[in-house]
Amino acid sequence: MHLAYPAVLSALLFCTGLYGVLARRNAILVLMSVELMLNAVNLNLVAFDVWLSKAAEETLHSGQALTLFTIAIAAAEIGIGLAIVLAVHRNRGTADIDKLRDTSERHDPDGPDSDARTAEQPGEAQKAEATA
Amino acid sequence: MTTTTLAVLVPLLPFLGAAAGLLLGRTAPGFVRPLAVLPTLTSLVLAALVAARQGGDTAVNAATELTPTGSVPIELALHIDGFAALVAVLVGLVASCVQIYSTGYLRDDPRYPSYAALVSLFTSAMLLVVYSGDLIVLLVGWEVMGICSYFLVGHYWETPEARAASLKAFLVTKLGDVPFLIGLFALATDAGSFRITKVLGAVASGGLDHPTLIALLLLAGVAGKSAQFPLHTWLPDAMAGPTPVSALIHAATMVAAGVYFIARLLPVFEASQAAMIVLAVMAAVTMAGSALAALAQDDIKRVLAYSTIGQLGYMTGALAVGDRGAAVFHLLSHGAFKALLFLAAGVIIHAAGTNSLAAMSRMRNLRDRVPDAFWTMTVALLALAAIPPFSGFFSKEAVLGVAEHVVTGHTEHAPAAAGWIVLVAGLLTAVLTAAYAMRLWLLAFRGRGAEAPDHGRQPLTMTVVLWVLAIPSLALGGFAFRVLPDWFDGRDLGPTLTTSVLGTGLALAGGIVTYGAWRHTTALAARIPLGAVSAHPEGDAAQVEAEAIATHEPAYGDIAYAPDPADPGRLLLGPLHRPAAAGFHLDAVYTALFVRPVQAGASLVRFLDREVVETYVRGAGALPRWLGTVVRRAQTGNVQTYVSALLAGTVVLAVAVVLVATGA
């Protein structure tokens, strides 16, 4: 089999995954898309390993070995990822990425001086510590 | 034990007592009183032993150098001559009396442990000054006294008067101490040593290059410590401290240190005629001015404070005419009767519930409430007014006699001008001293009006020490003036006929005139009611006093003045009364000359810092802050946006790498 077939296939898979990661809203679908991208890489690794080992006199099949590592890590990653998504869904009642924006910069009216303000108002800082 | 060992223990014991008192004050309150009284009493006994062994013979000298310190060596040195031995006995006696008195006076005070420890530290610092044979070690004691006076004057720190007074005492004495330090360095550089014996040796062989400069610099420190014009203003305000502290500061420690220092180094001052004249003028202005001010004060303790300034003026006057024997003689007798005056005044303030003489003059039977204070205070006031045969008479006549001696030209080491200045001012002050002593006695004990408030019996600790101190006030002078020359320089200290008759006559005249004025004005007292009294039958004396000090200004409009037309001082002083009550407005002058410019400078610095420097800082921070605001907008919280940006960056980098690799 010519190298072009798996390469094209893996490129298509990777692009599909990339689209999913960038455009899907559901966190589980984003995770699945990440899996797609990983598998596209795996496919590439295997295909190029075969192609390279044809020319070589002896080979360690490092591409295939690396694939095994990737699969193992991907399994762990999807496990943790799904657990997080599950926890978030239980907490917030949604797994919509667009609505999970806690890390965004709040738009204070006088944003630039927020540091100075907390320094001048120790009461507020203490309150924040107490709630944290 | 050798005399040296005993002498080392004298300042060391109160110091250890102070350290133990500060450490154990909270954990073991039962030990505080013994730790305060016993070390001081022991060091009194040891000081008496040292004095007995020294006996006015050749000075005891001992020195040990802990470590080489560079150019001029600093040694832990003792130099105990007759002056040191006797002054140490006085310090020990007064400090012991004050400590015993304080156990009663501050009976319920929550800060008594730290107070007693500081009094012990104060005592130990003074004893160090007295015994030290090295000027730098002396300076250590000198400065420790400064900080102790700061803490003790501010003992009632709840009242703003005490806070202001403690700061003032510290700053004004430090104003003198800076030139004093420079003067010590200059003196040591010229003489090649900090040891007093070597400095005196260098002076004797004419080794000083700048005697006038050194003497004037040292004089500044002495004026600050001994409350001489123009640095005396801290002393009347220091009355905001507890009465035992006033007694300690005024009688034996702190103010005595300056006079004692000049007495030790008198040859240094005598090397400069100009310094002696300055000293004489300083003494004269201090004497006369403070006596006038004392005649106008309303607070009983401020009368005594100004009287202390005046009596110190006598001592510096005696030094200005080159007789340290007379100066230290007056220091000793003044220490005894002034401590007695203050301690008795503490009892009176407690019994009367006020520190205002105007209020006391409207109280009946105050002397029956405090018979001990009445009799001992009478003795002390007679001594203060220099009426024979009380001790003040002999010491004051010694001073005046020396001045007369100089005037008639019998001595060569002091300028005759200084003699005239001291003699005239001393005689003038003798009149005024008798006048204000008489006024104090009449107003305090011959009042009529409502019955004095009942504070119960005074504690035994407070009355016994009065009688202990009454003995030297009564008898010290008469017995000592024949013996003391053996201890001092050997010059005769006996009263001479001319000055005795003149001085006693003037004192009697002052007293009689005041009595006449009082007879004239006392009828007015009944008609004009006046006075605020704080009565705490359960509380200790310190509480009453703190309240009396704090209420004087609200009640009478001024800390030193009461609008009392029945005051004989007002009749005697006439138009001078108001400025004299305010200390001749010297504080206002200092405020205009020093305080205001410093405050203006401070507000200028504040303006420069707040408005100029900070503007630059804020300007420098503006650009990064603006950039930060812009960049922060990219932080939307949407992970997908971040990944998109990441992808875009990767693509751009990849394209760039490809373009560079292909050489396009």
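Residues 132-403 of chain B are 78% helix and 1% strand in this predicted model. The end C-alpha atoms of that span are 29 Å apart. UniProt, in an unreviewed entry, assigns residues 132-403 of chain B to the feature "domain: NADH:quinone oxidoreductase/Mrp antiporter transmembrane". A further UniProt feature, also from an unreviewed entry, covers residues 68-115 of chain B and reads "domain: NADH-Ubiquinone oxidoreductase (complex I) chain 5 N-terminal". Here the chain is 58% helix and 10% strand. The end C-alpha atoms of residues 68-115 lie 36 Å apart.

Chain B as a whole contains 27 helices and four strands. Its C-alpha atoms fill a box of roughly 125 × 70 × 50 Å along the principal axes. The chain has 664 residues, and 56% of them are buried. Among contacts in chain B with a separation of 6 or more, 81% join residues 24 or more positions apart.

Chain A carries an annotated segment of its own. UniProt (unreviewed entry) marks residues 66-88 of chain A as "transmembrane region". The span is 100% helix and 0% strand. Its end C-alpha atoms lie 32 Å apart. Where the two chains meet, eleven residues of chain A are in contact with eleven residues of chain B. The chain A side of this contact consists of four nonpolar, three polar and four charged residues.

Backbone geometry was examined next. Most residues other than glycine have a negative phi, and most peptide bonds are trans. Chain B holds exceptions of both kinds. The peptide bond from Phe229(B) to Pro230(B) is cis, with omega near 5°. Pro230(B) sits in the loop between helix H8 (211-225) and helix H9 (234-237). Another cis peptide bond joins Pro388(B) and Pro389(B), with omega about 5°. Pro389(B) belongs to the loop between helix H18 (371-384) and helix H19 (391-407).

The loop between H18 and H19 also holds Ala386(B). This residue is not a glycine, yet its phi is positive, at about 65°. Ala386(B) has 29 other C-beta atoms within 10 Å. The cut-off for a buried residue is 20 or more, so Ala386(B) is buried. His585(B) likewise has a positive phi, near 55°, and is not a glycine. Its place is the loop between helix H25 (577-581) and helix H26 (586-632) of chain B. His585(B) has 14 other C-beta atoms within 10 Å and is therefore partly exposed.

Helix H19(B) follows the loop that holds Pro389(B). H19(B) packs with helix H20 (residues 416-445) of chain B. The angle between them is about 140°, and their axes are 8 Å apart. Angles over 145 degrees count as roughly antiparallel, and 65 to 115 as roughly perpendicular; H19(B) and H20(B) are therefore oblique to each other. The crossing is left-handed. H19(B) contributes Val399(B), Leu400(B), Ala403(B), Glu404(B), Val406(B) and Val407(B) to the contact. They meet Ala416(B), Ala418(B), Gly419(B), Trp420(B), Val422(B), Leu423(B) and Gly426(B) in H20(B). By class, the contact comprises ten nonpolar residues, two polar and one charged.

Two further helical residues of chain B were considered. Trp467(B) lies in helix H21 (residues 460-487). With 13 other C-beta atoms within 10 Å, Trp467(B) is partly exposed. When residues up to four places away in sequence are not counted, Trp467(B) touches Asp372(B) and Thr376(B). Helix H18 spans residues 371-384, so both of these partners fall within H18 by the numbering of the helices. The C-alpha atoms of Trp467(B) and Val501(B) are separated by 30 Å, with their positions 34 residues apart along the chain.

Ala622(B) is found in helix H26, the helix that comes after the loop holding His585(B). Ala622(B) has 10 other C-beta atoms within 10 Å. A residue is exposed if that count is 12 or fewer, so Ala622(B) is exposed. Its C-alpha atom and that of Glu161(B) are separated by 47 Å. The two residues are 461 residues apart along the chain.

How values were computed
Residues are numbered from 1 along each chain as its sequence is written. Chains are lettered from A and ligands numbered from 1 in the order in which they are written. This is a predicted model: local features need pLDDT of at least 70, side-chain atom pairs count only at pLDDT 80 or more; totals for chains, interfaces and linings use all residues. UniProt positions are given in the numbering used here, feature names are shortened, and annotations may be inferred rather than shown by experiment. Helices (H or I, at least four residues) and strands (E, at least two) are DSSP runs, numbered from the N terminus. Two residues are in contact if their C-beta atoms, placed from the backbone, lie within 7 Å. Ala, Val, Leu, Ile, Met, Phe, Trp, Tyr, Cys and Pro count as nonpolar, Asp, Glu, Lys and Arg as charged, and the others, Gly among them, as polar. Axes are lines fitted to C-alpha atoms, for helices over the stretch in contact, and angles run from 0 to 180 degrees between N-to-C directions. Angles under 35 degrees count as roughly parallel, over 145 as roughly antiparallel, 65 to 115 as roughly perpendicular and the rest as oblique. A crossing is left-handed if the near helix is turned anticlockwise from the far one by less than a right angle, and right-handed if clockwise.
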